[in-house]
Amino acid sequence: MYLCHIAKIYSMQLYYAPDIERDNELPEAESQHCIKVMRLGIGDEICATDGNGFLYKAKISSTSGKRCKVEIFEKSQPGKGRDYGLEIAIAPTKNNDRTEWFVEKSTEVGIDKIDFIKCRFSERKEIKCDRMEKIAVAAMKQSLKLYKPELTEMTDFCNMINAPFNGQKFIAHCHPGDKKALKEVCLPGTNTLILIGPEGDFSKEEVELAKKAGFIEVTLGSSRLRTETAAVVACVTVQIINE
């Protein structure tokens, strides 16, 4: 309700300024949008977030070229975060638009970290994190989220499964076997990491390696899902479990 009230006052516009408290200034792109697009000027009030859960109310103090300086008059932390964390490691799709769609939708739903992993059957071996970062920021602002997910560079599957993680770990795949639904085994209020494979799925060897590393095999339902759809379903499932 608090964010809806803020959105109504400020015409659904939320600015992203990760260093606003230190610099008292919007980044160049945000400054341009504020001044040139929204046509705001000295004395106008804005709302901004640092992407770490804080909401800042500020007044524009000066504008010059591509710069917009502000004076913060209120800092708050609505909701003060969640009692769980969600991390999804996904093998990027061959069609980059579909991976971008996942980043956008998962940010809107709520996610803390997105890892891009390279698997045996991966069709895409590299990812442009700068582009994904911009999509995450846009989705965060559009959906009035105050947390921007952390995005990591492409990493090898084995490095991913052997990295330290404090919480429950799952691997979703389509191979036959005794798997339970994610909604049945995922515990609320607990940090959660879910692995989502490429279009060709994880190899059987990768599944076995993940199990040895402490990952639990799960299914996301009876339908055969695209990689990016499966990742969004996993994201929504965890959110619903924690509501």
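The following paragraphs describe two strand arrangements and the ring contacts of this predicted model. Local features were taken where pLDDT is at least 70 and side-chain atom pairs only at pLDDT 80 or more, while totals for chains, interfaces and linings use all residues. Residues are numbered from 1 along each chain as its sequence is written, and side-chain values rest on heavy atoms, with hydrogens and water left out.

A convenient place to start is the open sheet, in which five strands follow the order S1-S3-S4-S5-S2 with mixed pairing. Strands (E, at least two residues) and helices (H or I, at least four) are DSSP runs numbered from the N terminus, and two strands pair if DSSP finds at least two bridges between them. The edges are formed by strand S1 (15-16) and strand S2 (25-26), each of which pairs on one side only. Helix H3 (residues 28-37) packs on this sheet and touches S1, S2, strand S3 (45-49), S4 and S5, where contact means heavy atoms within 4.5 Å. The direction of H3 makes about 95 degrees with that of S5; axes are lines fitted to C-alpha atoms, for helices over the stretch in contact, and angles run from 0 to 180 degrees between N-to-C directions. Within the sheet, nine bridges join strand S4 (residues 55-64) to strand S5 (residues 67-76) in the antiparallel sense. Leu55, for example, has Ser76 in S5 as its bridge partner.

Turning to strand S10 (residues 168-172), five of its five residues are buried, so this strand is largely enclosed by the rest of the structure. Buried here means under 20% relative accessible area, using a 1.4 Å probe and protein chains only. Gln168, Phe170 and Ala172 cover one side, Lys169 and Ile171 the other, and all are buried. S10 runs parallel to both of its partners described here: five bridges link S10 with S12, and three link S10 with strand S13 (residues 216-219). Lys169 is bridged to Leu193 in S12, and Ala172 to Val218 in S13.

Ring contacts complete the picture. One aromatic pair was counted, with ring centres of Phe, Tyr or Trp (its six-membered ring) required to lie within 6.5 Å, and planes under 30 degrees apart classed as stacked, over 60 as edge-to-face and the rest as tilted. Phe157 and Phe202 form this tilted pair, 5.5 Å centre to centre with 50 degrees between the planes. Because Phe157 lies in helix H6 (residues 157-161) and Phe202 in the loop between strand S12 (192-196) and helix H8 (204-212), the pair ties together parts 45 residues apart in sequence. Phe157 is buried at 2% relative accessibility, as is Phe202 at 0%.

Notes. Buried < 20%, exposed > 50% of the residue type's maximum accessible area, 1.4 Å probe, protein only.
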